[in-house]
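Subject: Structure for you to look at, with notes

Dear colleague,

Here is the structure I promised to pass on. Please open it alongside this message, as the notes below are meant to be read with the model in view.

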Amino acid sequence: MSEKIIKRMHAAMRDDIGDLMTQRPLPSRHLEQVDPFLFLNHHGPQTYAPHNRGLPFGPHPHRGFETVTFILEGMLTHQDSAGHESIIRAGGVQWMTAGRGLVHAEISPREFLDQGGPLEILRLWINLPPRRKMTEPAYTGLQREDIPALASDDGKATLN
């Protein structure tokens with residue numbers, strides 16, 4: 001294994017969305033977009049009280065890129081104009097290809113709105129190459145148990 005030297009660290013920019021605590025390491029004041037990555041958002045960690053307003057991502061359009069969302073804590077509902085719908089829980093991941101365009105929403109499920117709880121999400125936005133910009137929209141949602149896990153030979157670590 002070769003040694004790597006850290007040349008510079010870039011602090012994430014605080015950019016809350018409503019009452020959703022959001023840190024954005026990419027892009028930031030000191031680090032421009034790094035193609036093909038458009039954004040990297042870290043939402044939370046925070047705890048929502050019972051009877052909260054939930055995630056502020058009601059219906060809105062997207063086109064020409066993909067998002068990969070890791071639900072570290074809590075849960076979210078995905079719905080889109082291509083007919084995809086799911087609730088992804090802690091440990092799950094969703095991959096959405098906006099392609100030629102769709103309208104989607106990522107909101108808190110009724111259970112989370114009623115009961116509250118912890119929430120932490122990582123979301124990476126990936127620019128599609130020009131030849132794929134007009135591809136058919138697609139969606140894959142996987143729960144933690146749907147993601148293969150590999151244990152190390154000594155059983156001391158698991159890679160999900």
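A residue is called buried here when its relative accessible area is under 20%, exposed when that value is over 50%, and partly exposed in between. Please also keep in mind throughout that this is a predicted model.

With those cut-offs in hand, Thr135, which is found in the loop between E10 and E11, is partly exposed because its relative accessible area is 26%. Leaving aside neighbours within four places in sequence, Thr135 is in contact with Thr97, Gly99, Arg100 and Leu128. The C-alpha atoms of Thr135 and Phe65 are separated by 9.8 Å, although these residues are 70 apart along the chain.

Thr77 makes a useful counterpart, as this threonine has its place in strand E6, residues 75–80, and is buried because its relative accessible area comes to 7%. If residues up to four places away in sequence are not counted, Thr77 touches Ser86, Ile87, Ala105, Glu106, Ile107, Ser108 and Pro109.

Turning to the whole protein, there are one helix and 13 strands, and read along the sequence they follow the pattern β-β-β-β-β-β-β-β-β-α-β-β-β-β. The C-alpha trace spans about 50 × 40 × 35 Å along its principal axes, and of the 160 residues, 37% count as buried. The accessible surface comes to about 10000 Å², of which 56% belongs to carbon and sulfur atoms. Among the contacts with a separation of 6 or more, 69% are accounted for by residues 24 or more positions apart.

Next, the sheet. Seven strands form an open sheet with antiparallel pairing, in the order E1-E2-E3-E10-E5-E8-E11. Strand E1 (13–14) and strand E11 (138–142) stand at the edges, and each has a single partner strand, so one side of each is left without a neighbour in the sheet. E1 and E2 run antiparallel and are joined by two bridges, with Arg14 standing opposite Gln23 in E2. Strand E2, residues 22–26, is in turn joined to E3 by three bridges, again in an antiparallel arrangement, and here Leu26 has Leu40 in E3 as its bridge partner. When you follow individual side chains along these strands, it may help to recall a general point: in a regular strand the side chains alternate between the two faces of the sheet.

The aromatic residues deserve a careful look. The count comes to three aromatic pairs. In one of them, Phe39 and Trp125 meet edge-to-face, with 5.1 Å centre to centre and 70° between the planes. This pair links distant parts of the chain, since Phe39 lies in strand E3 (residues 37–48) and Trp125 in strand E10 (residues 117–127), 86 residues apart. Phe39 counts as partly exposed because its relative accessibility is 28%, whereas Trp125, with a relative accessible area of 18%, is buried.

Which residue stacks with Trp125? Phe65 and Trp125 form a stacked pair, at 5.1 Å centre to centre and with 20° between the planes. This pair also links distant parts of the chain, with Phe65 in strand E5 (residues 65–73) and Trp125 in strand E10, 60 residues apart. Both Phe65 and Trp125 are buried, and taken together Phe39, Phe65 and Trp125 form one aromatic cluster. A further ring to inspect is that of Phe57, since Arg123 lies over its face, at 5.5 Å from the ring centre.

Finally, the interior. The largest nonpolar core has 14 residues, and those that touch the most other members are Leu20, Tyr48, Leu55, Leu76, Phe112, Leu119 and Ile121. The elements that give two or more residues to this core are E6 and E10. For Leu20, setting aside neighbours within four places in sequence, the contacts are His43, Gln46, Tyr48, Leu55, Pro56, Phe57 and Leu119. Phe57 thus appears in two places in these notes, as a contact of Leu20 and as the ring beneath Arg123.

With best wishes

Note on methods:
Residues numbered from 1 in each chain as written. Predicted model: local features only at pLDDT ≥ 70, side-chain atom pairs only at ≥ 80, totals over all residues. Heavy atoms only, no water. Phe/Tyr/Trp six-rings, centres within 6.5 Å; stacked < 30°, edge-to-face > 60°. Helix = DSSP H or I, 4+ residues; strand = E, 2+ residues; numbered from the N terminus. Buried < 20%, exposed > 50% of the residue type's maximum accessible area, 1.4 Å probe, protein only. Lys NZ or Arg CZ within 6 Å of the ring centre and 35° of its normal. Pairing = 2+ DSSP bridges. Contact = heavy atoms within 4.5 Å. Areas by Shrake-Rupley, 256 points an atom, 1.4 Å probe, with all protein chains shown as cover. Core = buried A, V, L, I, M, F, W, Y, C linked by side-chain atoms within 4.5 Å.
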